[in-house]
Amino acid sequence: MISELLLNKKNPYYHIFLKKKKETLEEIVSKLVCVDGFTVNAITKSNFIRKSLHDKGYSFPPNPSDVRKLVYKQYNVIKARVTNEISSKLNAGLRCSLTLDEFTSLKNRRYLNINVHFNEGEIFNLGMLRIRGSFSAENCVKAVETKLKEFGIITEKHIVACVTDGASMMVKFGKIMSCENHLCYAHAIHLAVCDVLYNKQIDLGENIVEIEDKSHEEEDNDESEELIEDLEKALDLEFESGVGTDASFHITYAEKNSITNINETIKKD
């Protein structure tokens, strides 16, 4: 009776009496790799890590290949857990949506990240899908559907919509997919802002001001016209003769007037 009262979640001292589950060696090593960013070789060679785990009663493997197996084993545990959670929601009649985005690492390796969203606000990350060679829209559809099936998700049955960026390949991907496709407005706004801030030339009437910024890399030119039109309709943007109302445009036209005044003064002299 006393133990039941102490372990009641409404008890303010519940967390003190609750016995914390001991982490497995696979969980610890996986956190060192995936969260803290240690390499498998660094973990294996670290005397401090080895001694710390030994003092806690863990038997740490002596070579990197066995340490890597611990990470793979924990991956399979997490994958099974996520698969069960997703299956329980799908069996309850819920449907989900996807967000997809391509990522290139510092080693120039390409990946596709896949997130599954349920209407309850719960998100499941299915991991990074490695991209090798050319990655057409058709290949992207096959890769995504294969990855989803690993978690028991069938595109035609369970997916309501997917959100992607506006690259031409992703636009075609959305047309091929059986579900609805929405192009990311945030991505389009980001490209539009970059075009304004890092425009190479600004026409000021008779003068052209050159702007160079080596720190800025040119953005993707694959943004589709369909996305721009869709974005304008959604945000109901209206421009009068191409003139905006924000501070940057006011500054631009102020500079134009100043240059015009200078030119008139020179002509008079």
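Begin with the aromatic pairs: rings of Phe, Tyr and Trp (its six-membered ring) are paired if their centres lie within 6.5 Å, with planes under 30 degrees apart counted as stacked, over 60 as edge-to-face and the rest as tilted. By this rule there are 2 aromatic pairs. Select Phe118 and Phe124: their ring centres are 6.0 Å apart and their planes stand at 90 degrees, so this pair is edge-to-face. Phe118 and Phe124 are both buried (buried means under 20% relative accessible area, exposed over 50%, partly exposed in between, with a 1.4 Å probe and protein chains only).

The model is a predicted one, in which local features need pLDDT of at least 70, side-chain atom pairs count only at pLDDT 80 or more, and totals for chains, interfaces and linings use all residues. Residues are numbered from 1 along each chain as its sequence is written, and side-chain values use heavy atoms, with hydrogens and water left out.

Keep Phe118 in view and add Lys89, whose charged end sits over the ring of Phe118, 5.8 Å from its centre. Here a charge sits over a ring if NZ of Lys or CZ of Arg is within 6 Å of the ring centre and within 35 degrees of the ring normal. Next select Lys79, which lies over the face of Phe151 at 5.5 Å from the ring centre.

Now display strand S2, residues 110–118. Helices (H or I, at least four residues) and strands (E, at least two) are DSSP runs, numbered from the N terminus. Of the 9 residues of S2, 7 are buried, so the strand is largely enclosed by the rest of the structure.

Add strand S1 (residues 96–104), which pairs with S2 in the antiparallel sense over 9 bridges; two strands pair if DSSP finds at least two bridges between them. Thr104 stands opposite Arg110 in S2. The hairpin of S1 and S2 has 5 residues between the strands, and Asn108 there takes a positive phi near 65 degrees.

On to strand S3 (residues 123–131), which runs antiparallel to S2 and is joined to S2 by 7 bridges. Tyr111 stands opposite Arg130 in S3. The hairpin of S2 and S3 has 4 residues between the strands, and Gly121 in its turn has a positive phi of about 90 degrees.

Return to S1 and select Thr99, which lies in that strand. Thr99 is partly exposed, at 23% relative accessibility. Adding Asn181 shows a pair 82 residues apart in sequence and 9.9 Å apart in space, C-alpha to C-alpha.

Finish at Tyr198, in the loop between helix H10 (185–197) and strand S6 (201–204). Tyr198 is partly exposed, with a relative accessible area of 31%.
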